[in-house]
Amino acid sequence: MSDIFKELAEAVTKQDVNGAVAKTKEALSKGTPALDIVQKGLSEGMKIIGDRFEAGEIFLPQIMMSAKAMNEAMAILTPELTKGSTNVSAGFALAFVQEGDIHDIGNRLVATMLGANGFTVKVLGVDVANEKVVEEAKKAEASKVLLVGSALMTTSMLGQKDLMQLINEEGVRSKVKCMFGGAPVSKEWIKEIGADGTAENAAEAVLVAKQIMA
Ligand code: HCB
């Protein structure tokens, strides 16, 4: 990891909100692409924080402060990520975090990147019931709707399977394409539940979204 990415990750792991903001500004001023700052720097810090939490080395208040550091840096980066957005419409997308789950940093980032790449994105937020997703997909005027669902916990991930079932039962399967992601989501899971795709990060999500909506 190059020095600036290491420093960005460190600012997140040390819950250094001001440092994350300062390092983000510094990286931008040096011409570092905004997406690299997120993916190679800040997100790496969040992964380390997750591992430390799992190992019992840190507790929830620390994760919350790390998330704050990441969010404040993201506020600076979002306009950069959307600079030069294409006007060519790539389709309509509904972004949401699965019911019972409030982890929204990754979903917001994916939604931002899709928006920057021509998708019209309606953000439904966190803890979204499957019924709400299906209702929104039904009422969308677009002929095809991309569902961009995130689940960060193994428990909430199970809701994606129920969502696929509801989509089939409600007769909207032909109208929707389903791209689900989040740390526990794997290609095997996507195949098992009959969804259309997944992605490990926001840049890959744009490619997958374009592929499955083509
Ligand atoms: Co939270 N948490 N957390 N957490 N949390 C995780 C997710 C654990 C893995 C940590 C651990 O134990 N190792 C764990 C889940 C374990 C499990 O089920 N397997 C966990 C837990 C247990 C909990 C609580 C239950 C803790 C408690 O209360 N005891 C609680 C749950 C609350 C709830 O949701 N009901 C909780 C709370 C929190 C917060 C509030 C403190 C905070 C969230 C703040 C927020 O999002 N507004 C938080 C955080 C920050 C994390 C970790 C540390 C980081 C998540 C994150 O933001 N990553 C996370 C550890 C980890 O994930 N390894 C930990 C950075 C983003 C950029 O990455 O993976 O979300 P991402 O998104 C990527 C990628 O997945 C992909 O692209 C994104 C961008 O590159 N992607 C998609 C995402 N969605 C996609 C959709 C697509 O269609 C395509 C691609």
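**The largest pocket, the cores and two backbone outliers**

The largest pocket in this predicted model has a lining of 45 residues, and those nearest its centre are M46, G106, L152, G182 and A183. The space inside the largest pocket comes to about 1600 Å³. Six elements give two or more residues each to its lining: α3, α4, α5, β3, β4 (176-181) and α9. Of these, α3 has the largest share, with 11 residues. Sorted by class, the lining holds 23 nonpolar, 14 polar and 8 charged residues.

The pocket also has to be placed with respect to the domains. The chain is split into domain 1 (3-81) and domain 2 (91-213), and each of the two contributes at least three residues to the lining of the largest pocket. The C-alpha centres of domain 1 and domain 2 are 25 Å apart. Contact between them involves 10 residues of domain 1 and 9 residues of domain 2.

The nonpolar interior comes next. The largest nonpolar core consists of 36 residues, and L42, L81, L114, L146, V148 and M179 have the most contacts inside it. At least two residues of this core come from each of α1 (3-13), α3 (34-54), α4 (60-81), β1 (91-98), α5 (105-116), β3 (145-150) and α9 (202-213). The element that gives the most is α9, with 7 residues. Like the pocket lining, this core takes at least three residues from each of domain 1 and domain 2. Apart from this core there is another, of 26 residues, including A137, L163, I167 and F180.

L114 shows what the contacts look like for one member of the largest core. Leaving aside residues up to four places away in sequence, L114 touches F119, V121, L146, V148, M179, A205, V206 and A209. Among these partners, L146, V148 and M179 are also listed with the most contacts inside the core.

Two residues stand out by their backbone angles. Q15, in the loop between α1 and α2 (17-29), is not a glycine, yet its phi is positive, near 55°. D127 likewise is not a glycine and has a positive phi of about 55°, but D127 is placed in strand β2 (residues 119-128).

Are Q15 and D127 buried or exposed? Q15 has a relative accessible area of 23%, so it counts as partly exposed, since buried means under 20%. D127 is also partly exposed, because its relative accessible area is 42% and exposed means over 50%.

Note on methods
Residues are numbered from 1 along each chain as its sequence is written. This is a predicted model: local features need pLDDT of at least 70, side-chain atom pairs count only at pLDDT 80 or more; totals for chains, interfaces and linings use all residues. Side-chain values use heavy atoms; hydrogens and water are left out. A nonpolar core is a set of buried Ala, Val, Leu, Ile, Met, Phe, Trp, Tyr and Cys residues joined through side-chain atoms within 4.5 Å. Buried means under 20% relative accessible area, exposed over 50%, partly exposed in between (1.4 Å probe, protein chains only). Helices (H or I, at least four residues) and strands (E, at least two) are DSSP runs, numbered from the N terminus. Domain bounds come from an automatic or database domain assignment. Contact means heavy atoms within 4.5 Å. On a 1 Å grid over the protein atoms alone, a cavity is a set of points where a 1.4 Å probe fits but cannot get out, and a pocket is an open set with protein on both sides within 12 Å along at least five of seven lines; lining residues have an atom within 4 Å of a point. Grid points are joined across faces, edges and corners, and a volume is the space filled by probe spheres set on the points. Ala, Val, Leu, Ile, Met, Phe, Trp, Tyr, Cys and Pro count as nonpolar, Asp, Glu, Lys and Arg as charged, and the others, Gly among them, as polar.
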